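Student: I'd like to learn how to read a protein model. Could you walk me through one, feature by feature?

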Amino acid sequence: MGTHAPDGGPGEHGKHTVTGSGGPGSGDVVAEDRGWTRDLWAAAFCALALLVLLHIVDLGAGTLDAARSALWSGLAALLFAVLYPPRVTVGHDWLAVRGLLREQRVHTHLLTRISRREGIAQRVVLRDATGRRVEIDPITLAENPLIWHEIDRGARRSRESGLLCTGTRVLDGLRSRMDDIETERARAVFEASGLR
């Protein structure tokens with residue numbers, strides 16, 4: 001298990017430590033979403049582009065004033081809040097998903113339920129024995145094999161201990177999809193290097 005720092009700061013050997021308020025995840029970060037910074041910049045760019053566009057339109061029409069500028073700024077801020085990407089981090093036996101206002105965490109070795117929320121934005125929902133739950137985008141798992149590995153490892157332990165009774169089919173489906181993605185990545189590497 002990861003090193004715990006009593007003050008919530010970095011653990012031994014200068015590793016980054018996630019702090020929590022009594023919940024799971026007070027240990028070293030094993031992996032985090034590699035695409036989060038890119039997605040954050042994309043959200044900021046979209047909000048800024050909207051802000052600039054609305055100001056340009058108002059300037060062209062000669063209707064820009066302080067009240068309208070404040071309104072456009074509020075709309076841009078709202079768009080940024082909607083587009084803000086959740087930050088996913090994982091450690092040994094825990095997973096954290098931090099949104100703009102709050103963070104949710106689960107013990108991955110104490111999972112009791114794994115389900116899939118269908119719709120426009122599909123999500124994998126994980127619930128642990130303490131009643132905590134997180135939702136994670138399957139694309140995040142596909143783009144971050146280390147995050148998937150830690151979730152899978154914890155889920156296997158949960159199933160072996162008899163806790164995980166609901167969602168094994170969802171888990172098996174995810175595992176099959178991740179195996180397919182890894183196979184495709186390996187094939188692409190071989191083809192790029194001239195090996196077949």
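Tutor: Sure. Keep in mind that this is a predicted model. Let's begin with contacts along the chain: of those with a separation of 6 or more, 53% link residues 24 or more positions apart.

Student: How many helices and strands does the protein chain have?

Tutor: The protein chain has five helices and seven strands. If you walk along the sequence, the pattern reads β-α-α-β-β-β-β-β-β-α-α-α.

Student: How do I read a sheet? What is the strand order in the open sheet of four strands?

Tutor: You look at which strand pairs with which. Here the order is 1-2-3-4, and the pairing is antiparallel. Strand 1 (31-32) and strand 4 (103-107) are the edge strands, since each pairs on one side only. Now zoom in on strand 2 and strand 3: they run antiparallel and are joined by five bridges.

Student: Which residue of strand 3 stands opposite Arg87?

Tutor: That's Arg98.

Student: Next, helices. Why does the length of helix 4 agree with what we'd expect?

Tutor: You count residues and allow 1.5 Å for each step from one to the next. Helix 4 (residues 145-160) has 16 residues, so it should span 22 Å, and its end C-alpha atoms are indeed 22 Å apart. You can try helix 2 (residues 66-83) in the same way: with 18 residues, its first and last C-alpha atoms are 26 Å apart, close to the expected 26 Å.

Student: What should I look for at the ends of these helices?

Tutor: Check side chains at the start and backbone angles at the end. At the start of helix 2, a side-chain oxygen of Asp65 comes to within 3.3 Å of the backbone nitrogen of Ala67. Just after helix 4, Gly162 has a positive phi of about 85 degrees.

Student: How do I tell what's inside? How much of the protein chain is buried?

Tutor: A residue counts as buried when its relative accessible area is under 20%. Buried residues make up 33% of the 196 residues in the protein chain. In helix 4 the buried ones include Ile147, Trp148, Ile151 and Asp152.

Student: And which residues have the most contacts inside the largest nonpolar core?

Tutor: That core has 22 residues, and those with the most contacts inside it are Leu95, Ile114, Leu126, Leu141 and Ile147. Several elements give two or more residues to it, including strand 3 (94-98), strand 6 (123-128) and helix 5 (168-192). The largest share, four residues, comes from helix 4. Take Leu95 as an example: leaving aside neighbours within four places in sequence, its contacts include Val88, Leu126, Val134, Ile147 and Ile151.

Student: Is Arg175 buried or exposed?

Tutor: Arg175 has a relative accessible area of 12%, which is under the 20% cut-off, so it counts as buried. You'll find Arg175 in helix 5. Its side chain makes a polar contact of 3.0 Å with the side chain of Asp172. Beyond four places in sequence, Arg175 is in contact with Trp148, Asp152, Arg156 and Arg159.

Student: Last one: how many disulfides are there in the whole structure?

Tutor: Zero, according to a search of the whole structure. You can still read the surroundings of individual cysteines. Cys46 has a relative accessible area of 36%, so it is partly exposed. Cys165 sits at 60%, over the 50% cut-off, so it counts as exposed.

Note on methods
Residues numbered from 1 in each chain as written. Predicted model: local features only at pLDDT ≥ 70, side-chain atom pairs only at ≥ 80, totals over all residues. Heavy atoms only, no water. Buried < 20%, exposed > 50% of the residue type's maximum accessible area, 1.4 Å probe, protein only. Core = buried A, V, L, I, M, F, W, Y, C linked by side-chain atoms within 4.5 Å. Contact = heavy atoms within 4.5 Å. Disulfide = S-S within 2.5 Å. Polar contact = N/O pair within 3.5 Å; in protein donor to acceptor, adjacent residues only side chain to side chain. Pairing = 2+ DSSP bridges.
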